[in-house]
Amino acid sequence: MARDDLTTRQWLDALAEPAQILTWAMSYYIEANIKAILSGRLLAPLLNAHQLRDEAFGKFWVAFSSNREEPPPSEQLSPEESASTGSISAPKAEEEKPQEKAVVSSDLIPPIISQATGVVLDVGPGTGTQMPLLAQIPASNIKAFYGAEPCLGLHAELRRRAAAHGLAETYKVLPCSVEQSSLEPELEKAGLLASPDVNGAVGKREDGVFDSIITIRVLCSVPDPQKTIAYLYSLLKPGGKLLLVEHVVNPWTTRKGSLVARVLQGVYHLFGWRWVMGDCCLNRDTEGMVRAVAEVDGGWESVEVDRWFEKTPMVYVAGVFVKRG
Ligand SMILES: C[S@@+](CC[C@H](N)C(=O)[O-])C[C@H]1O[C@@H](n2cnc3c(N)ncnc32)[C@H](O)[C@@H]1O
């Protein structure tokens, strides 16, 4: 059953789900503050509040993402492969779209990630939860992955997962956020911004850098989403793909949305969701911003996007946006 056809019990559980996550993340934040005080840094909760909450979020995310089991092999396959296995855990009739049986948000990710090709920017990979899926993409389709992850506390686990899935050489971790001022120097260092032209002279990139950009649950956290999305768009090559799975504002004014869920998105913010969840924002219109960013070029060449779980506070959009060639 898709999460849009919820029973009342399932809907209530879905409304409460962010409360459970919030409580868990908050416990890490409280623990970080108590430890700072006990170690003699009495004023750290006031003077180093940002540092403490970033450390706490890093630890929380390692625990949270490790707590989710990696998908069994049948769920890591491409949609075509999965459909042909006819496995019990992920039964898919040939004519069905892979997401039609989406029960949890992670069900949306495999068919999107499987479309990555060429030089890939993985925005905010965290601890590398998606590494098994990246490793499933045929090696011949990929030149390199670049993971831009600002939370340094997650890098060890990210590198460990890349190595564990055979991507130690292919997956390069960039210690930066995706904002231009932070990412640009790292792209420069990686030699991605300037390339020799046919005459051997070094020319600046004008035609983008990446064939694919992956954003999975990350545009909810970037500080200036409009600016960041515009920058990501500029980094895409013509014909390049933005592969996106993001949670967004509840479409409560439409028949499919829910006013209750929309109100709860605000309530969770009031209870500190953004602070303890690494600035994650539950009520962004990310899809609208992504659609709008290509208007300067007459729109995206193609957009294939679906919305999921529209009665809940964690509404998801999942899709592929192709830049005009
Ligand atoms: C909710 S986690 C998602 C991690 C991963 N994409 C996944 O699906 O499991 C959000 C990640 O985005 C990262 N992040 C937050 N702000 C960012 C920014 N401005 N640029 C790049 N990454 C950012 C966080 O450090 C965190 O690792």
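The shell around the ligand breaks down into 11 nonpolar residues, six polar ones and three charged ones. The model is a predicted one. Among the 20 residues that surround the ligand, the nearest are Gly124, Gln130, Glu149, Val178 and Ile216.

Polar groups of the protein also meet the ligand, from both backbone and side chain. Ile216 puts a polar backbone atom 2.8 Å from a nitrogen atom of the ligand. From Glu179, a polar side-chain atom sits 3.1 Å from a ligand nitrogen. Gly126 contributes through its backbone, with an N or O atom 3.5 Å from an oxygen atom of the ligand. On its own the ligand has 600 Å² of accessible area, and the protein covers 92% of that.

Two residues in loops are worth a look as well. Ser105 belongs to the loop that links α5 (79-85) with α6 (109-113). Its relative accessibility is 16%, so Ser105 goes down as buried, the cut-off being under 20%. The Ser105 side chain has a partner in the side chain of Arg217, with a polar contact of 2.8 Å between them.

Arg284 sits in another stretch of loop, the one between α12 (273-276) and α13 (286-293). Arg284 is buried, yet it forms no salt bridge. Asp224 offers the nearest side chain of opposite charge, and that is 7.6 Å away from Arg284, whereas a salt bridge calls for a separation within 4 Å. What Arg284 does have is a backbone partner: a polar atom of its side chain lies 2.6 Å from the backbone oxygen of Leu219.

Definitions and conventions:
Residues are numbered from 1 along each chain as its sequence is written. This is a predicted model: local features need pLDDT of at least 70, side-chain atom pairs count only at pLDDT 80 or more; totals for chains, interfaces and linings use all residues. Side-chain values use heavy atoms; hydrogens and water are left out. A residue is near a molecule or strand if one of its heavy atoms lies within 4 Å of it. A polar contact is a pair of N or O atoms within 3.5 Å; within protein, one must be able to donate a hydrogen and the other to accept it, and residues adjacent in sequence count only if both atoms are side-chain atoms. Accessible areas come from the Shrake-Rupley method with a 1.4 Å probe; for residues, only the protein chains shown count as cover. Ala, Val, Leu, Ile, Met, Phe, Trp, Tyr, Cys and Pro count as nonpolar, Asp, Glu, Lys and Arg as charged, and the others, Gly among them, as polar. Helices (H or I, at least four residues) and strands (E, at least two) are DSSP runs, numbered from the N terminus. Buried means under 20% relative accessible area, exposed over 50%, partly exposed in between (1.4 Å probe, protein chains only). Lys and Arg count as positive and Asp and Glu as negative; His and the chain ends are not counted.
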